[in-house]
Amino acid sequence: MRITEEEVRRVAELANLALTEEEIVRMTQDMDGILGHMDKLNELDTSSVEPMSQVLSIVSNSSGAEETATLRADIERKPLGNADALANAPVAGQGYFKVPRVIEK
Amino acid sequence: MSATVDSIRADLLGKKISAEEIARDALKFAEAENPKTNAYLTFAPERALAHARAVDQKIAAGQDPGPLAGVPIAVKDVILTRGLRTTCASRMLENYIPPYDATAVMRIEHAGGVIIGKTNCDEFAMGSSNENSAFGPVRNPVAPDRVPGGSSGGSAAVIAQGTAVLSLGSDTGGSIRQPASFCGVTGVTPTYGRVSRYGLTAFASSLDHIGPFSRTVRDSARLLQVMAGRDEMDSTSAFAPVPDYVAALDGNIRGMKLGVPKEFFDGLASDTGDIIHAAIQRLQKLGAEIREIRLPHTPYAVGAYYIICTAEASSNLARYDGVRYTRRSETAGSLQEMYRQTRDEGFGAECKRRIMLGTYVLSAGYYDAYYLKAQKVRALVARDYAQAFEQVDAIVGPVSPFPAFKLGEKVDDPTAMYLSDIYTVTGDLAGIPCMSVPSGKTAEGLPVGLQILANHFNETAMFRVADAFERAST
């Protein structure tokens, strides 16, 4: 096994997912199978390869733009507005998103 | 509906029918047919009729009603529509009403397009069968006991069913081309950055694309024409000028060099292979020069793809935490419980699996072994294509190793489902334009798509091959 149930529990905590015991068992099997396939990448020597983090950097010549062109003109624009921004909040009040109490009195 | 963008335009300008009548008919037909496929999640009658009337008013006033005037269009439910519920096929967002439109949606409606509804898909666009929707699977209109493909299954199905003339999908690892192939329609993944991602719900940002579905190549070219081009709301959208795609559709591919990658024929089902070989022969008869090429890093692409896409997904989906996006667990007491229980209740099994994998490959001690390694392999996949395009104008091959499979047939084996993306993920990793065009049917009557790939921003070459092939097929 490449991954244990203990590790899966730790990853679930990092990911803020409350998995049931059943889900932990199933997840461990699934992740093990997929990670096994991912390990195939180790067959390749990539020591002299630069990582590719995005597409447009390799085609910047054809896009014909300066790097700074990704900044828009500094012109004031109407923002979304408080009411629209809060419209999908499960709980809101006085112009804010509301969450359960974090600091006890 | 056998209408096209051009036929609708001719009918409108010839005063044979009004845009409002077209919209009413389209909505009525789509709503009546939907129980057969479950392809639409939401209909938008008020919005559709308002835009249709605007088109009619322009025509009455003698103004140009726009290049997509009166065309009924369906939009995948991961693309935001202001004031119109956008669920991402997830319980997490079942009541989410976006406060703004995606740029692609804005450009379509500005061009006279009439959005009639939102289409079903795999939850947050994660899947290859449309079985991961929280609102039930979509059935393939060609074979109702089979999947339509995924993740843009609904957007492919509405075209095959004739309940929309155009639709929008999104593609991260094959989610437009594979369902297009399974449903026997045309589906296009443009160059990364060609269409703004503003308003496309983020799954894997370095791989996500918006693209068209249609029944004809020309209609996809027309839709891409409207959506393509720099958008200051998406800093990764490209500045490259947008050529006239339709002007390139002259049916002539004589002398074009087409590469056939040897690696795309490993593990291919025999009936699919026969259809693809016959398609390549047809291209040769049309005057194309066929060359065998090598894309040697193809066998590593699925592994690299699933590391990168799950890593980016785990980060992008962190925002669904019970604070801003409609759903919050009702049983949670503390802040921590609110996060965990909201996510546990809101996400389906595939989303959880990908969040877990992504969190794992990015966690302390594993970054170099997985994420960095995958980015390096991605560079090698892109280099394979760059070298190939020094020799050929476009590349052709299969989209999927097999045609549409039965509902439920593959749900229990996620690794096998991931591996079936082998011929589509390489195009996304390299960021090149690629599409699926119908190329025949198996003995069982299941459609098989031919994939056509071209170099960055060379959609023109891709469309030219697809259009010539389509003319020779009909």
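In this predicted model, the contact between the two chains draws on 46 residues from chain A and 61 residues from chain B. On the side of chain A that touches chain B, helix H1 (5–14), helix H2 (21–38) and helix H3 (60–63) each supply at least two residues. The most is given by H2(A), with seven residues. Sorted by class, the residues on this side of chain A comprise 30 nonpolar, eleven polar and five charged.

Chain A itself may be introduced briefly. Four helices and two strands are found in chain A, and from the N terminus on these elements follow the order α-α-α-α-β-β. Of the 105 residues in chain A, 19% are buried, where a buried residue has 20 or more other C-beta atoms within 10 Å of its own.

Attention now turns to the partner chain. Chain B contains 15 helices and eleven strands. Its C-alpha atoms occupy a box of roughly 65 × 55 × 45 Å along the principal axes. For 474 residues, a compact globule would be expected to have a radius of gyration near 23 Å, and the 21 Å found for chain B therefore agrees with that expectation. Buried residues account for 63% of the 474 residues of chain B. Among the contacts in chain B with a separation of 6 or more, 76% join residues that are 24 or more positions apart.

One helix pair within chain B lends itself to a more detailed description. Two packed helices are described by the angle between their axes and by the distance between the axes. Helix H9 (residues 301–316) of chain B packs against helix H12 (residues 368–388) of chain B at an angle of about 125°, and their axes lie 9 Å apart. H9(B) is therefore oblique to H12(B), because an angle of this kind lies outside the range of 65 to 115 degrees that counts as roughly perpendicular and is not over 145, the limit for roughly antiparallel. The crossing of H9(B) and H12(B) is left-handed.

The residues that make this helix contact can be listed for each partner. H9(B) contributes Ala301(B), Ala304(B), Ile307(B), Ile308(B) and Ala311(B). From H12(B) come Tyr370(B), Tyr371(B), Ala374(B), Gln375(B), Val377(B), Arg378(B) and Val381(B). By class, the contact of H9(B) with H12(B) holds ten nonpolar residues, one polar residue and one charged residue; the polar residue is Gln375(B) and the charged residue is Arg378(B).

Definitions and conventions
Residues numbered from 1 in each chain as written. Chains lettered and ligands numbered in written order. Predicted model: local features only at pLDDT ≥ 70, side-chain atom pairs only at ≥ 80, totals over all residues. Contact = placed C-beta atoms within 7 Å. Buried ≥ 20, exposed ≤ 12 C-beta atoms within 10 Å, placed from the backbone. Axes fitted to C-alpha atoms, helices over the stretch in contact; angles between N-to-C directions. Parallel < 35°, antiparallel > 145°, perpendicular 65-115°, else oblique. Left-handed = near helix turned anticlockwise from the far one by under 90°. Rg over C-alpha atoms; globule rule 2.2 N^0.38 Å.
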